[in-house]
Amino acid sequence: MARFLPLKVTDVRRETRDAVVLTLAPRDEDRALFDFTQGQYLTFRRSFDGEELRRSYSICAGVDDGCLQVGIKRVDGGAFSTWANENLAPGDMIEAMPPMGKFSLPLDPNAARHYVGFAAGSGITPVLSIVKTVLRREPKSRFTLVYANRQISSIMFREELEDLKNLYLGRFSVLHVLESEAQEIDLFTGRIDAAKMTALFDRWIDPKSVDAAFICGPEPMMLTVAQSLRDHGLRDDQIRFELFASGQPGRAKARPVSKATEAGEGTQATVTLDGATRSFSMPREGQTILDAAIASNMDAPYSCKAGVCSTCRCKVLEGEVEMAVNHALEDYEVRAGYVLSCQSYPLTDRVVVTYDE
Amino acid sequence: MSDTMNIEDYLAQGGVLTALGNVPARYRGELMRLMSSFVDSELAASAGFASSINFAPGIKERIAASRITLEKADHAERVLAVMGDFGTDTRRYQSQHDWAARVERDTDLGATRREGDMRLSVFHYPINGWTDAVVMKVLQGLATGVQMDELARVSYTPLAEVFREIAPREARHAELGLEGLGRIVGNGGQSEVQASLAYWRPRVAAGFGVANSARYDTQARFGIRHTPNETLLARWEKLVGEHLGALGL
């Protein structure tokens, strides 16, 4: 199981008014663990008022940059991104899991490919990592980036992208699409929608020349771009998606824990699955929450029934249960109320669980 | 471009996920269920085919059976690694069950699974000889081909990629089976082949699941599945008819 390791913040660069780029250094003994592939992300954790928060941010450095960098854009109301933007300073330590994710294609130094990237806002971070890596490692390949932002001042990595254009003359082009700023060419003003995509393909990008496409941004934009790519002849395996950080689940709230076993033999269980809730009586011993749910004709997910695979994970909202075995859930998940339903026996006379959260 | 969308709407409209942090709880459950069924089936298939190596009549057949045994285990390991990303204790998982265990030949399990072991029911039945192994391989290999086309479209990209890597090798297993079947038929083994076909055909068909499955609807909503069980079954029946017809069976 992946674990968290300390990283030292060696630089904090303000990229835009509400985004920073952190440069991070692992300990010497962890260095190999933090080798990354272009397009991967790091998952950080930190406690805020006793609640552990985990957030993933894409690495924006190229694999040959010789450093580990992530871009963090402040999200309104986002505890972690606000903290990173306002409080982090060089010398601070931060905890992260080794890089994860697969938002890339295998590199081939002999390939002469045409890649296109579609990024919106901070969705640029993993795409930038791919751009830098591909241009360096595949000297015959080229990259066209379509980059959507609200206005010029909110464009992350604007200068760095300009530098890359100069460094890889003729192999890298950027088309900026700005939502609320008029540009000389109408096509580059507004939002990326189906009509704009078609116009792009008509006038700027020959879809037949495209070998692979990378998309990172909010969900509606990704669906629009992906559909247009398919309509213009790209296969699913040529299209790579990376969902925006905004889609990530909210904070894991710790539950008040009372270990007191209530007297009594039966339990009134309430189980929610796919939005439907059922209540039934079950014994305190001899039957797990999972088996009781299945006995009540609920198609609850499970596989190994041995506390190993975690397919049957659910969340306890009220009452207490006890797991006989847990080989799959991490401490933070357990603190947030998650249990393996195949191993859970009720301790209280009322238990409320959900498979939907 | 700041507006977002409910993740389930996104998935229902063909969106895909790449990072496990974005995976909703119910999606996770259904994805894990699908992966464990695949892993258990591949491990059981590998274990079952291991004994068929010694049924092989010649070196060529022995190599084919060995290769299938090896690669099935490899495919199980690759998908289990994706489960590991979600927290599965992969080391414990692979020793959870006796993957070589089989029921009596004349048992009828239908489509039901056995407690905690999510292999497709067809992998609970024993193979009783070389012809039987080849016939089972042909029928199940063609079924796997149909299933791989479906699985390669799964909306969790890291898993879709594993399936895309695996698919050509699984297809090769079916080809090896068809080559072997051609040799058996060429050597006059028709009646034995027919007996094995009669045994395995309904058992492989059961692996496609029931028509109008509620679970399919849930999985389709998440983009985990795209084609209903009954359509996949019909595709397989057509394929089987074509291949067996070509061999005069």
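Two residues count as in contact here if their C-beta atoms, placed from the backbone, lie within 7 Å. With that in hand, take the contacts in chain A between residues at least 6 apart in sequence: 68% of them join residues at least 24 apart. Keep in mind that this is a predicted model.

**Chain A overall**

Chain A has 7 helices and 18 strands. Its C-alpha atoms fill a box of roughly 75 × 50 × 40 Å along the principal axes. Of the 357 residues in the chain, 41% are buried.

**The six-stranded sheet**

One piece worth finding on screen is an open sheet of 6 strands in chain A, ordered 4-3-6-1-2-5, with antiparallel pairing. Its edges are strand 4 (51-58) and strand 5 (68-73) of chain A, each of which pairs on one side only. From one strand to the next, the twist averages 45°. As general background, strands of a sheet pair through backbone hydrogen bonds, either parallel or antiparallel.

Zoom in on strand 3 and strand 6 (residues 93-96) of chain A, and you'll find 2 bridges joining them, with the strands running antiparallel. R45(A) stands opposite E95(A), which belongs to strand 6 of chain A.

Two helices of chain A pack on this sheet, and the table sets them out.

| Helix of chain A | Strands of chain A touched | Angle between directions |
|---|---|---|
| Helix 1 (residues 79-86) | strand 2 (19-26), strand 3, strand 4, strand 5 | about 115° with strand 5 |
| Helix 2 (residues 124-137) | strand 3, strand 4, strand 5 | about 40° with strand 4 |

**Helix 4: one face in, one face out**

The buried residues of helix 4 of chain A are K196(A), M197(A) and L200(A). Looking down the helix axis, these buried residues fall within an arc of 100°, so they line one face of helix 4 of chain A. On the other side of the helix, A194(A), A195(A), D202(A) and R203(A) are exposed. The cover over the buried residues of helix 4 includes strand 8 (142-149) and helix 5 of chain A.

**Helix 5: mostly covered**

Helix 5 of chain A has 10 of its 13 residues buried. Those buried residues are E219(A), P220(A), M221(A), M222(A), L223(A), T224(A), V225(A), A226(A), S228(A) and L229(A). What sits over them includes strand 7 (114-120), helix 4 (194-203), strand 10 (212-217) and strand 11 of chain A, and also helix 1 (7-12) of chain B.

How far apart should the ends of helix 5 of chain A be? At 1.5 Å a residue, its 13 residues should span 18 Å, and the end C-alpha atoms are indeed 18 Å apart, so the two figures agree. Just after this helix, G233(A) takes a positive phi of about 100°.

**Where chain A meets chain B**

Across the interface, 47 residues of chain A are in contact with 42 residues of chain B. Strand 3 (41-48), helix 5 (219-231) and strand 11 (239-243) of chain A each supply at least two residues of the side that touches chain B. Helix 5 of chain A gives the largest share of that side, 6 residues. By residue type, the side of chain A that touches chain B divides into 21 nonpolar, 12 polar and 14 charged residues.

So which elements turn up again from the earlier sections? Strand 3 of chain A belongs to the open sheet and supplies residues to the side touching chain B. Helix 5 of chain A, meanwhile, is mostly covered and also contributes to that side.

Terms used
Residues numbered from 1 in each chain as written. Chains lettered and ligands numbered in written order. Predicted model: local features only at pLDDT ≥ 70, side-chain atom pairs only at ≥ 80, totals over all residues. Helix = DSSP H or I, 4+ residues; strand = E, 2+ residues; numbered from the N terminus. Nonpolar A, V, L, I, M, F, W, Y, C, P; charged D, E, K, R; others polar. Expected span 1.5 Å × (residues − 1). Buried ≥ 20, exposed ≤ 12 C-beta atoms within 10 Å, placed from the backbone. Arc of directions from axis to C-beta. Pairing = 2+ DSSP bridges. Axes fitted to C-alpha atoms, helices over the stretch in contact; angles between N-to-C directions.
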